[in-house]
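I sat down with this one and kept a running notebook of what I looked up. Here are my entries, in the order I made them.

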Amino acid sequence: MISSSKIKAVDFYRKIPRDLTEASLSGAGLSIIAAVAMVFLFGMELSDYLTVSTTTSIVVDNSSDGDFLRIDFNISFPALSCEFASVDVSDVLGTNRLNITKTIRKFSIDPQLRSTGSEFHPEPVPHYIKHGDEVYEETVEGAVPLNGISFDKLSHKYPVLVVNFYAPWCYWSTRLKPSWEKTAKIIKERYDPETDGRILLAKVDCTLEFDLCKSHHIQGYPSIRIFRKGSDLRESQGHHDHESYYGDRDTETLVKTMEDLVASIPRENQKLALEDKSNVTKRPAPLTGGCRIDGYVRVKKVPGNLIVSARSGAHSFDASKMNMSHVINHLSFGKTVSPQVLSDVQRLIPYIGRSHDKLDGRSFINHGDVDANVTIEHYLQVVKTEVVTKKDDTIVEQHEYTAHSSLAQSVYIPVAKFHFELSPMQVLITEDSKSFSHFITNVCAIIGGVFTVSILLYPHLNRLFFCVIGEIFSVNCRLLGFWILFVTIQLG
């Protein structure tokens, strides 16, 4: 059996009898300094252990969302009517999607960007509109030409006033003119404006009556508007709500449409235009000339364009009068990250999330009276940032982008173009956690290191201490001797 004396033989920490040790003032001072150093270094090590560090690397984009990227946007156009506003997408692979409506919502707004009603719901407009064959026939004037004064007078006189807003240079206006004049003549013969007085067909030349067309937000030619007298009078602004006609433009269809409108009005009561229940291809016209476009599109991860413009297959636009000024309320790429998640991630990486909506709140205004035919272009370079946290192995994806904008004159219809390029690389940020064993090892190293250094310094500091004390004492003794000698001489 092993005795206790043999076990004590391997003791690394043998005690020195207290009687053989002696406390000193220099040793006490060095001990205090060493203790303060240990506490300070321990606090720094604990702070470093609790601080989360990250590693940033650049890798090839291997996104989990496939080959498509979502673009969310909310853009206000104070001078583009919802009636013709179109959102198009194209890319370098040949994709060309025109007038996207499934994921897009439109709201009419005034020049101050305030909403003027509910969502604008356009009815499906036929891609092919039938025109008459009377183009080469001699035109018989049947529609009443209007100006600003006569328009207000006649719109309050007739229960239904149907007006063709046109431009002489417009191809579609030229094609409509024979059918419109012939229809006006037929309707005038069947429903005499003096004896019947229920309907009148008129026309407005927008190159001459620009202010009148602008007040009714005419942006495409020809635009056929149906004005109703009576219950739909808007007292706040003094003119009528109206509808836009988008049906075929041949004489037969136009005559039938006008007869359907007249059929809804009792002849004996011409003071009120009742709501038309017939199946006519028309829809409410926008109340104002501006439009707020809200929604999203999915695009391929290749260089491409998101374009907002005025588009119609049966209307012409005066490029010199188009103004594509806009305010970007929101524009972002990729999945939407909730504010709570983004806030948690920003605790790790404070700079993340600063460029995912770089254009939000910015205005791009073109003063049309100074510059005409101006296209506003934005060049966006998109980079994906992916953050992997160790806490619960969550992955946060954030697409950030840089933006450069310019205004350029064009010979074509002005547009608002967002040209985007997606980087094939992505930024990968990984959270690095420190092990507890590493923390304990460093703490032990701090304690042992400070203790060892203090032991090595003690003899030298102790010798220095006594030397200093001795010198002070020796100087004091010399001064005392000189003082005694001086006093003796004075007394003698």
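**Entry 1: how far to trust it**

I started with confidence: the protein chain averages a pLDDT of 79, and 74% of the residues score at least 70. That score exists because this is a predicted model, and pLDDT is the predictor's own confidence in each residue. I then went looking for weak stretches. Over residues 231-240 the pLDDT stays under 50, though the model still has 19 contacts there beyond four places in sequence. Residues 269-280 are also below 50, and that stretch has 29 contacts beyond near neighbours in sequence. I put a pencil mark beside both stretches.

**Entry 2: the whole chain**

Next I took stock of the chain. I counted up eight helices and 21 strands in its secondary structure. The chain has 492 residues, and 41% of them are buried. I also looked at who touches whom. Of the contacts with a separation of 6 or more, 82% are between residues 24 or more positions apart.

**Entry 3: strand E5 and its partners**

I picked strand E5, residues 104-109, to follow in detail. Is E5 mostly covered or mostly open? I found it mostly covered, with five of its six residues buried.

Then I checked what E5 pairs with. Strand E15, residues 290-300, runs antiparallel to E5, and six bridges join the two. I wrote down two of the matches: Ile-104 has Gly-295 as its bridge partner in E15, and Arg-105 has Asp-294.

E5 also pairs with strand E6, residues 115-120, in the antiparallel sense over three bridges. Here I noted Phe-107, whose bridge partner in E6 is Glu-119. E5 and E6 form a hairpin with five residues between the strands, and in it Leu-113 takes a positive phi near 70°.

I went back to E15 to see what else it joins. Strand E2, residues 68-77, pairs with E15 in the antiparallel sense, over 10 bridges. In that pairing, Ile-75 has Ile-293 as its bridge partner in E15.

**Entry 4: a short strand, E13**

I wanted to see which way the side chains go on strand E13, residues 242-245. His-242 and Ser-244 point one way, Glu-243 and Tyr-245 point the other way, and all are buried. I then looked for a partner of E13 and found strand E10, residues 223-228, which pairs with E13 in the antiparallel sense over four bridges. Phe-227 stands opposite His-242 in E13.

**Entry 5: three single residues**

My first pick was Ser-309, found in strand E16, residues 304-310. Is Ser-309 buried or exposed? I put it down as buried because its relative accessibility is 4%, and the cut-off for buried is under 20%. Its contacts, leaving out residues up to four places away in sequence, are Leu-80, Phe-84, Ala-85, Ser-86, Asp-88, Met-324 and Val-415.

Then I tried Pro-414, which sits in the loop between strand E20 (395-409) and strand E21 (416-432). Pro-414 counts as buried because its relative accessibility is 0%. I checked its distance to Ala-319: the two are 95 residues apart along the chain, yet their C-alpha atoms are separated by 6.5 Å. Ala-319 is also on the list of residues that Pro-414 touches, together with Met-322, Met-324, Asn-373, Val-374 and Thr-375, not counting residues up to four places away in sequence.

My last pick was Ser-406, in strand E20. I filed Ser-406 as partly exposed because its relative accessible area is 28%. From Ser-406 to Thr-375 I read 8.5 Å, C-alpha to C-alpha, for a pair 31 residues apart in sequence. Besides Thr-375, Ser-406 touches Ile-376, Glu-377 and Tyr-379, again not counting residues up to four places away in sequence.

**Entry 6: holes inside**

How many cavities of 30 Å³ or more does a search of the whole structure find? I got three. The largest cavity has a volume of about 60 Å³.

I listed its lining too: Gly-142, Ala-184, Ile-187, Lys-188, Tyr-191, Pro-193, Ile-199, Leu-200 and Leu-201. Helix H4 (171-190) and strand E9 (199-205) each supply at least two residues of that lining. When I sorted the lining by type, I had seven nonpolar residues, one polar and one charged.

Conventions
Residues numbered from 1 in each chain as written. Predicted model: local features only at pLDDT ≥ 70, side-chain atom pairs only at ≥ 80, totals over all residues. Heavy atoms only, no water. Buried < 20%, exposed > 50% of the residue type's maximum accessible area, 1.4 Å probe, protein only. Pairing = 2+ DSSP bridges. pLDDT = per-residue confidence, 0-100. Contact = heavy atoms within 4.5 Å. 1 Å grid on protein atoms, 1.4 Å probe; cavity = no way out; pocket = protein on both sides within 12 Å on 5 of 7 lines; lining within 4 Å. Points joined across faces, edges and corners; volume = space filled by probe spheres on them. Nonpolar A, V, L, I, M, F, W, Y, C, P; charged D, E, K, R; others polar.
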